[in-house]
Amino acid sequence: MNEPMTPSMIAFSPALRILPEILMTLTGVLVMLVEAVLKPRTSRKPLGIVAILGTLAAIAASVYQLFLPAGTAFFGTVQSDAFSVFFHLVIGCIVLVTLLISLDYFEGHTSFVGEYYALILFGATGMMLMTCSVELLMVFISLEISSISTYILAGYRKRSATSPEASIKYFLLGSFATAFFLYGIALCFGATGSTNLYEIAKGVADGASPLLLTVAFGMMLIGLGFKVSLAPFHVWTPDVYEGAPAPVVGLMSTAPKAAAFAVLLRIAYGAFGTAIHIWMPLVWIMAVLSMTIGNLGALTQRNVKRMLAYSSIAHAGYLLVAFTALAPMGIAAASFYTAAYAAMNVGAFGIISYLSGYNEARTSLSDFAGIARRHPVAAAAFAVFLISLIGIPFTAGFFGKFYVFTAAINSGNAWLAVLGLLNSGVAAFYYLRLLAQMYMVPVEPPREADTAHARPAFILAMAILVLAVFALGIFPGRILDLARAGAATFSGPANAASQTVPVALLRR
Amino acid sequence: MSSLTGYLLVSALIFSIGLAGALTRRSAILVLIGIELMLNAANLNFIAFWRYGPNAQALTGVMFAIFSIGIAAAEAAVGLGIVLAVYRHSKTTELDRMNSMKG
């Protein structure tokens with residue numbers, strides 16, 4: 001936002017605008033340095049602890065940014081505002097919990113652990129940078145920082161057959177998508193003469209070639225649609241989620257998606273805010289396709305990771321419904337949904353990682369039979385996450401869907417909300433089937449030694465997530481306020497009618 | 001036909017060739033080459049739009065092209081590393097033989 005310079009804005013260094021990213025990068029470098037001085041074949045836990053402390057510092061830095069006046073830095077390439085802080089906090093918390101889950105994941109594995117933590121931190125730097133970029137060059141670079149890190153992380157279990165295969169599929173389709181995204185940026189640059197989102201917004205408002213803009217937006221949407229696994233660009237998702245290590249899947253199914261959705265919000269509402277007729281039909285179709293294909297695909301899956309992969313496609317579809325609801329309610333609903341989805345999905349994959357172990361030999365539906373008897377606490381936590389994914393009241397998933405569908409109805413997209421609700425009904429079936437498998441099916445002796453036993457770090461991570469699911473489901477006010485403050489930073493056309501209704505409902 | 005249109009046509013052609021290559025080739029390395037073609041088509045667009053655009057003093061287009069060349073190199077390095085990791089396991093770089101996961 002090009003605000004006039006006030007004395008309070010000159011007083012601080014522009015580096016404060018990217019303080020969380022700086023801290024994450026330094027921690028990543030520090031982790032690699034510490035790894036170099038650790039003795040071979042000793043526990044790699046100190047690396048994880050360094051990474052966790054660095055992430056906590058980055059989260060604190062993001063909160064600190066709330067007290068800065070919103071504004072740009074570094075020649076107008078990055079902008080810290082309530083919107084970027086919201087997504088910084090979501091990504092920071094996802095990374096924190098993933099690190100806690102990973103702390104004991106590498107028991108007995110001491111090689112290449114430093115790279116794992118460093119890649120998570122560097123990837124998170126890219127994701128955080130995506131959410132505060134207002135210049136497409138910066139968006140592109142940070143998108144690649146985050147993507148390249150996750151390509152490597154997906155193939156992290158080098159010795160398994162599936163993990164490198166997941167990695168190469170993710171890499172090829174991801175860079176394929178990047179090419180579309182880059183071409184879209186090039187066309188956008190040609191149409192408006194700039195790659196700065198605010199300049200683009202001016203160009204769009206001044207009537208740049210509509211044909212060029214439509215193609216440009218379409219190609220950027222294809223690029224980002226691949227990254228967030230929206231149908232019809234979702235084909236990679238099931239294979240990658242099945243093959244990649246479960247803690248990494250928890251991270252990459254939530255954090256990069258939150259970042260990519262933030263970018264999509266900035267492009268759609270910030271830059272193309274006066275050309276909604278260009279992108280509304282595209283977003284509408286992709287929302288319906290994602291919800292339907294995701295949920296129908298999940299129905300037939302026998303592997304729990306694959307099932308959750310299809311469910312994540314469906315959830316990306318629900319999120320896209322919020323896009324059609326126009327600013328600022330749609331933006332707030334979409335932001336809130338990323339936080340809610342993150343809490344429940346990271347938790348679900350954390351439990352899968354715990355129950356199936358490092359080798360992930362037990363991820364089929366039948367392996368979860370009678371888990372409630374053998375691991376009652378883990379099963380209870382898993383049940384909470386699944387109930388939230390269904391969207392039952394008093395959980396994060398319920399309010400996420402509630403805001404999304406209310407926003408859609410208020411902006412005249414009732415049909416989309418109806419389709420979404422029908423889809424939620426279909427979705428309940430496969431989540432409940434897994435729950436029934438866990439609780440109703442009699443205990444079977446495990447096919448191989450079941451060595452899962454919980455460690456303090458893992459218990460702490462799950463406790464944080466279960467609390468988050470309930471906190472977002474019972475007291476969503478605070479988070480929603482922040483999401484709405486973020487939505488208010490957009491200069492897009494305000495849809496006054498739909499602005500406050502759901503929040504007013506909530507306050508009573 | 002102005003020179004800008006010419007560049008844009010060439011760029012669109014390169015992009016389509018890359019796209020066709022990425023979609024039809026079975027070897028992971030050839031798919032990667034197709035993707036590189038697509039990225040370079042976008043770079044050509046940047047340069048053309050910058051050179052024939054109204055604001056050629058601002059170096060936006062060139063800067064974008066330079067950064068994206070650097071990033072494409074980093075991506076290719078990681079990609080070839082992943083291809084090697086797969087090759088060690090399955091002794092192949094053919095994509096249609098990488099089908100251990102189904103559903």
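**Exercise 1: a nonpolar patch.** In this predicted model, find which residues make the nonpolar surface patch of about 450 Å², and place Ile474(A) in its helix.

*Solution.* Start with the members: Phe394(A), Phe470(A), Ile474(A) and Phe475(A) build the patch. Next, pick out Ile474(A), which belongs to helix 20 (residues 456-474) of chain A. Then check the cover: with a relative accessible area of 41%, Ile474(A) is partly exposed. Patch members need over 30% relative accessible area, so Ile474(A) at 41% clears that bar.

**Exercise 2: a charged patch.** Work out which residues gather in the patch of positive charge on the surface, and say where Lys91(B) is placed.

*Solution.* The patch draws on both chains: Lys158(A) and Arg159(A) come together with Arg88(B) and Lys91(B). Now zoom in on Lys91(B), which sits in the segment after helix 3 (60-90) of chain B. Its relative accessible area is 55%, and the cut-off for exposed is over 50%, so Lys91(B) counts as exposed.

**Exercise 3: hunting for disulfides.** Find how many disulfides there are over all chains, and explain why Cys93(A) doesn't form one.

*Solution.* First, the search of the whole structure: it turns up zero. Now for the reason. A disulfide is a covalent bond between the sulfur atoms of two cysteines. For Cys93(A), the closest cysteine sulfur belongs to Cys132(A) and is 16 Å away, which is too far for a bond. Run it from the other end and Cys132(A) has Cys93(A) as its closest partner, again at 16 Å and too far. The cut-off here is 2.5 Å between the sulfurs. As for their surroundings, Cys93(A) is partly exposed at 39% relative accessible area, whereas Cys132(A) is buried at 1%.

**Exercise 4: salt bridges across the sequence.** Count the salt bridges over all chains, then take the Asp81(A) and Arg266(A) pair and say which parts it ties together.

*Solution.* The total comes to 11 salt bridges over all chains. Asp81(A) and Arg266(A) make one, with 3.5 Å from N to O. Asp81(A) is in the loop between strand 2 (78-80) and helix 4 of chain A, while Arg266(A) is in helix 12 (residues 255-271) of chain A, so the bridge ties together parts 185 residues apart in sequence. Are the two partners buried or exposed? Asp81(A) has 4% relative accessibility and counts as buried; Arg266(A), at 6%, is buried too.

Now try Glu360(A) and Arg157(A), whose side chains meet at 3.4 Å, N to O. Glu360(A) is in the loop between helix 15 (329-356) and helix 16 (371-374) of chain A, and Arg157(A) is in the loop between helix 6 (136-154) and helix 7 (162-192) of chain A, so this pair ties together parts 203 residues apart in sequence. Both partners are buried.

**Exercise 5: from a pair to a network.** Look at the salt bridge between Glu242(A) and Arg306(A), and find which residues join these two in one network.

*Solution.* Begin with the contact: the side chains meet at 2.5 Å, N to O. The pair links distant parts of the chain, with Glu242(A) in helix 10 (residues 237-243) and Arg306(A) in helix 14 (residues 304-323) of chain A, 64 residues apart. Glu242(A) is buried at 16% relative accessible area, and Arg306(A) is buried at 5%. Finally, follow the shared partners: Glu165(A), Lys169(A) and Asp239(A) join Glu242(A) and Arg306(A) in one network of salt bridges.

**Exercise 6: backbone oddities.** Say where the cis peptide bond ending at Pro232(A) is placed, and what phi values Phe74(A) and Phe75(A) have.

*Solution.* Keep the background in mind: most residues other than glycine have a negative phi, and most peptide bonds are trans. The bond from Ala231(A) to Pro232(A) is cis, with omega near 0°, and Pro232(A) is in the loop between helix 9 (210-227) and helix 10 of chain A. Phe74(A) has a positive phi near 55°, and Phe75(A) has one of about 60°. Phe74(A) lies in the loop between strand 1 (71-73) and strand 2 of chain A, as does Phe75(A). For cover, Phe74(A) is partly exposed at 36% relative accessible area, while Phe75(A) counts as exposed at 86%.

Conventions: Residues numbered from 1 in each chain as written. Chains lettered and ligands numbered in written order. Predicted model: local features only at pLDDT ≥ 70, side-chain atom pairs only at ≥ 80, totals over all residues. Heavy atoms only, no water. Patch = residues over 30% accessible without salt bridge, like charges linked within 9 Å, V, L, I, M, F, W, Y side chains within 5 Å. Areas by Shrake-Rupley, 256 points an atom, 1.4 Å probe, with all protein chains shown as cover. Salt bridge = Lys/Arg side-chain N within 4 Å of Asp/Glu carboxyl O. Lys, Arg positive; Asp, Glu negative; His and termini not counted. Charge placed at Lys NZ, Arg CZ, Asp CG, Glu CD. Helix = DSSP H or I, 4+ residues; strand = E, 2+ residues; numbered from the N terminus. Buried < 20%, exposed > 50% of the residue type's maximum accessible area, 1.4 Å probe, protein only.
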